[in-house]
Amino acid sequence: MSRANFRQPDLEQRRDTAMPTAEQLYDEAVALRDAGDKPGAIAKLQEAIALEPGHAISHGMLAKLHVDLGQFDEAIAHALKVVELEPDDFFSHTALSVIYQRCGKIREAEEAKAKAQRLQYGIKD
């Protein structure tokens, strides 16, 4: 094929075939969750963290969705990952406390809550 006959795809076509970002996959997961498809949302979020393992917001939503589906070990694992990724964020520790509580792990929930409160007031361990 000669160069004269070769046509570059326009920018819009290239954008459609590009790999989605973790943020785009997260947005798709939100839409699936909002439509009531929690397993579909989980699948999208798993794609997001496969692409970007440190995508904390995806881990956070995975924790919540797994709790909703009664998958407590998975929920806790993702909530712990958020805390690992954002160790100084009091909200991450608060979310971990809530996940623990919903999973019936009250002692762990209280410890995470106490850690969140210390962080909120600038107290380092």
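A polar contact here is a pair of N or O atoms within 3.5 Å; inside the protein, one of the two must be able to donate a hydrogen and the other to accept it. Keep that in mind for the start of helix α3, and bear in mind too that this is a predicted model.

**Helix α3**

Asp37 caps the N-terminal end of α3, with a side-chain oxygen sitting 2.8 Å from the backbone nitrogen of Gly40. The helix itself runs over residues 38–51, and its length checks out: 14 residues at 1.5 Å a residue should span 20 Å, and the end C-alpha atoms are indeed 20 Å apart. Gly40 turns up again among the buried residues of α3, along with Ala41, Ile42, Leu45, Ala48 and Ile49. What lies over those buried residues includes α2 (22–34), α4 (56–68) and α5 (72–85).

Move on to the loop between α3 and α4 and you'll find His55. Beyond its neighbours within four places in sequence, His55 is in contact with Ala22, Glu23, Tyr26 and Ile49. That last partner, Ile49, is one of the buried residues of α3.

**The largest pocket**

Now for the pocket, with a volume of about 300 Å³ for the largest one. Its lining takes in 17 residues, and Gly60, Met61, Val82, Phe91 and Ala95 are the ones nearest the centre. Helices α4, α5 and α6 (90–102) each put in at least two lining residues, but the largest share, seven residues, comes from α6. Sorted by class, the lining has eleven nonpolar, two polar and four charged residues.

**Where α6 meets α7**

Ser97 is part of α6, while Ala112 belongs to helix α7 (residues 106–120). Setting aside neighbours within four places in sequence, Ser97 is in contact with Ala109, Ala112 and Lys113. On the same terms, Ala112 is in contact with His93, Leu96, Ser97 and Tyr100. How far apart are Ala112 and Ala95 in sequence and in space? They are 17 residues apart along the chain, and 8.6 Å apart from C-alpha to C-alpha. Ala95 also came up above as one of the residues nearest the centre of the largest pocket.

**Three buried residues**

Buried means a relative accessible area under 20%, and here is how three of the residues above come out:

| Residue | Relative accessible area | Status |
|---|---|---|
| His55 | 7% | buried |
| Ser97 | 9% | buried |
| Ala112 | 7% | buried |

So His55, at 7%, falls under the 20% cut-off and counts as buried.

Key. Residues numbered from 1 in each chain as written. Predicted model: local features only at pLDDT ≥ 70, side-chain atom pairs only at ≥ 80, totals over all residues. Heavy atoms only, no water. Helix = DSSP H or I, 4+ residues; strand = E, 2+ residues; numbered from the N terminus. Expected span 1.5 Å × (residues − 1). Buried < 20%, exposed > 50% of the residue type's maximum accessible area, 1.4 Å probe, protein only. Contact = heavy atoms within 4.5 Å. 1 Å grid on protein atoms, 1.4 Å probe; cavity = no way out; pocket = protein on both sides within 12 Å on 5 of 7 lines; lining within 4 Å. Points joined across faces, edges and corners; volume = space filled by probe spheres on them. Nonpolar A, V, L, I, M, F, W, Y, C, P; charged D, E, K, R; others polar.
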